[in-house]
Amino acid sequence: MRISLPRRRFLTTLGAAAGLGAAGALGATPAHAAPMASTSQTSRRWRRLADDVREETRWAWRNYVELALGHDQIKPVSGTYEEFFAPGQPVGLSAVEALDTLWLMELDDELEQGLSWVRSNLSFDIDAPFQVFETNIRMLGGLLSAYHCVGEPRLLELATDLGDRLLTAFTSSPVGLPYRYVNLRTGEVTNPDTNLAEVGTYITEFGALSQWTGDPRYVDAAKRAMRVAYEARSDLDLMPHDIHAETGEWRNRVATVGPPADSFYEYLYDGWKLLGDDDLRTWYDTLIAGITAHQVEEYEGRLWFPQVDAFTGEITGRSQSELASFFSGLLAEGGDVALGARYHDSWNAVQDKFGVLPEGIDYTTLSAESKGNQLRPEFADGAFSLWLATGDDVYRQRAARHFELMVETSKVAHGYTIISDVTTTPATRGDLCPGYWWSEQLKYYYLTFVDAPRLDYADHYLSTEGNLLKGARR
Ligand code: DMJ
């Protein structure tokens with residue numbers, strides 16, 4: 001997701017009004033134009049932060065290359081690594097996830113190291129079950145975004161080969177909902193008990209693949225799955241989060257905007273934005289209307305999205321997963337900036353209380369129900385989208401705090417790690433850098449703090465995994 005015009009307009013207007021050149025306008029604070037001196041101080045601060053993000057990326061990448069290149073995820077405390085999809089079957093997940101981030105940051109030597117590994121080593125002829133959703137958003141999305149950025153045909157060849165293997169998960173189902181796992185070599189599918197995110201987070205990767213190869217099978221399969229799920233919505237226009245891939249029947253009654261539903265809603269909006277498919281926009285508007293009518297609760301002046309019974313609208317839970325904080329940005333992009341802003345404010349209160357956000361909270365007490373933090377990007381993602389939509393500097397400040405907290409708590413000997421308990425002092429560290437870290441928050445921070453010359457801010461698309469599928473300025 002993510003796209004907007006206002007920010008670019010603000011910068012141009014302020015730059016022109018203040019008699020600034022392009023460089024002078026870089027760090028402008030659009031919503032509250034400050035006097036010249038403090039504007040350039042502000043500008044320097046944002047440039048410095050962007051440089052810090054770039055340096056941290058370069059340093060962490062060097063460690064990954066030295067200790068784990070080709071493996072899926074570095075364990076940055078012990079200096080070892082682990083695979084993400086299947087034991088003993090590395091696919092260089094972190095390298096693939098990092099490619100477009102390195103390109104956007106103009107870290108071209110580092111990018112070449114990643115590309116060179118991909119060219120010489122990456123193959124999907126693997127006799128093991130791979131999770132279809134994760135393989136799509138991380139590996140297929142990573143290859144497609146790299147292709148979009150650097151234009152190398154080999155990247156599209158690899159993406160097409162992988163897309164064909166993933167397609168089997170859809171075509172094997174009698175109703176077109178993908179199984180959760182597919183064996184990449186044999187095509188054997190398993191795990192039909194699935195959920196909204198895992199049946200409906202394909203349309204932009206598969207859409208880009210269809211556009212770039214001229215083969216409509218991918219986008220057709222992705223849309224068919226979304227339609228099957230959408231048409232099973234309740235009379236309240238709500239959707240339970242668990243569904244069966246062979247029957248299309250719901251497996252529970254609970255509606256949530258968090259996992260495992262989250263990116264299903266995101267991809268309705270994103271599919272419309274990237275591909276211009278009006279059905280998807282209609283489906284998005286219908287479901288968001290259902291959510292805003294039945295799934296929003298004000299609690300002590302803050303706005304949250306409780307779990308509700310999809311058929312009665314009754315509230316069944318008041319837990320909130322950190323992953324749901326992305327919804328603030330989605331709402332803003334979809335046109336409800338006020339609601340998105342209020343939801344981001346709620347999460348900012350959690351950041352004020354804990355520093356690093358816990359994985360899950362009870363919003364009636366703002367207490368941590370799940371005390372770890374998997375080095376998550378969603379708060380920074382929401383801040384970036386709201387910054388683009390409003391030009392309000394408050395979102396850059398929140399992203400800056402998120403970045404500074406991450407450096408304080410997660411930086412270890414060989415990179416950045418997850419936290420196993422954010423409530424201890426100091427925070428208790430784990431030993432893993434998830435693949436999405438390379439694709440998401442580093443990129444969101446950087447793009448929020450600086451006007452990156454390789455991004456078309458006025459017309460771009462970043463996927464749920466932060467992969468750039470539109471808007472590369474080559
Ligand atoms: C990422 O893999 C994607 O953003 C996904 O949609 C859900 N969240 C994880 C990171 O937290």
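**Group meeting: the ligand site, helix H6 and a small sheet**

Okay, let's start at the ligand: a polar side-chain atom of Glu465 sits 2.6 Å from one of the ligand's oxygen atoms. I'm calling that a polar contact, meaning a pair of N or O atoms within 3.5 Å. Taken alone, the ligand exposes 290 Å², and the protein buries 92% of that; the areas are Shrake-Rupley with a 1.4 Å probe.

Quick housekeeping. This is a predicted model, where local features need pLDDT of at least 70 and side-chain atom pairs count only at pLDDT 80 or more, while totals for chains, interfaces and linings use all residues. Residues are numbered from 1 along each chain as its sequence is written, and side-chain values use heavy atoms, with hydrogens and water left out.

Back to the ligand. Glu378 has a side-chain N or O atom 2.6 Å from a ligand oxygen, and for Thr464 the corresponding distance is 2.7 Å. The residues around the ligand also include Ile137, Arg138, Arg376 and Tyr436, counting a residue as near if one of its heavy atoms lies within 4 Å.

Now, Ile137 and Arg138 fall in helix H6, residues 132-150. Helices here are DSSP runs of H or I with at least four residues, strands are E runs of at least two, and both are numbered from the N terminus. So how far apart are the end C-alpha atoms of H6? They are 26 Å apart, which agrees with the 27 Å that 19 residues should span at 1.5 Å a residue; the expected span is 1.5 Å times one less than the number of residues. There is a bend, though, of about 30 degrees at Gly141, taken as the angle between axes fitted to the seven residues ending there and the seven starting there. Of the 19 residues in H6, 17 are buried, that is, under 20% relative accessible area with a 1.4 Å probe and protein chains only. Right after the helix comes Gly151, with a positive phi near 75 degrees.

Last stop, the sheet. It's open, with three strands in the order S8-S11-S12 and antiparallel pairing; strands pair if DSSP finds at least two bridges between them. S8 (254-255) and S12 (315-317) are the edges, each pairing on one side only. S11, residues 307-309, is joined to S12 by two bridges, and Gln307 has Gly317 as its bridge partner there.

Between S8 and helix H11 (262-275) there's a loop holding Ala261. Is Ala261 buried or exposed? Buried, at a relative accessible area of 0%.

Definitions and conventions:
Buried < 20%, exposed > 50% of the residue type's maximum accessible area, 1.4 Å probe, protein only. Polar contact = N/O pair within 3.5 Å; in protein donor to acceptor, adjacent residues only side chain to side chain.
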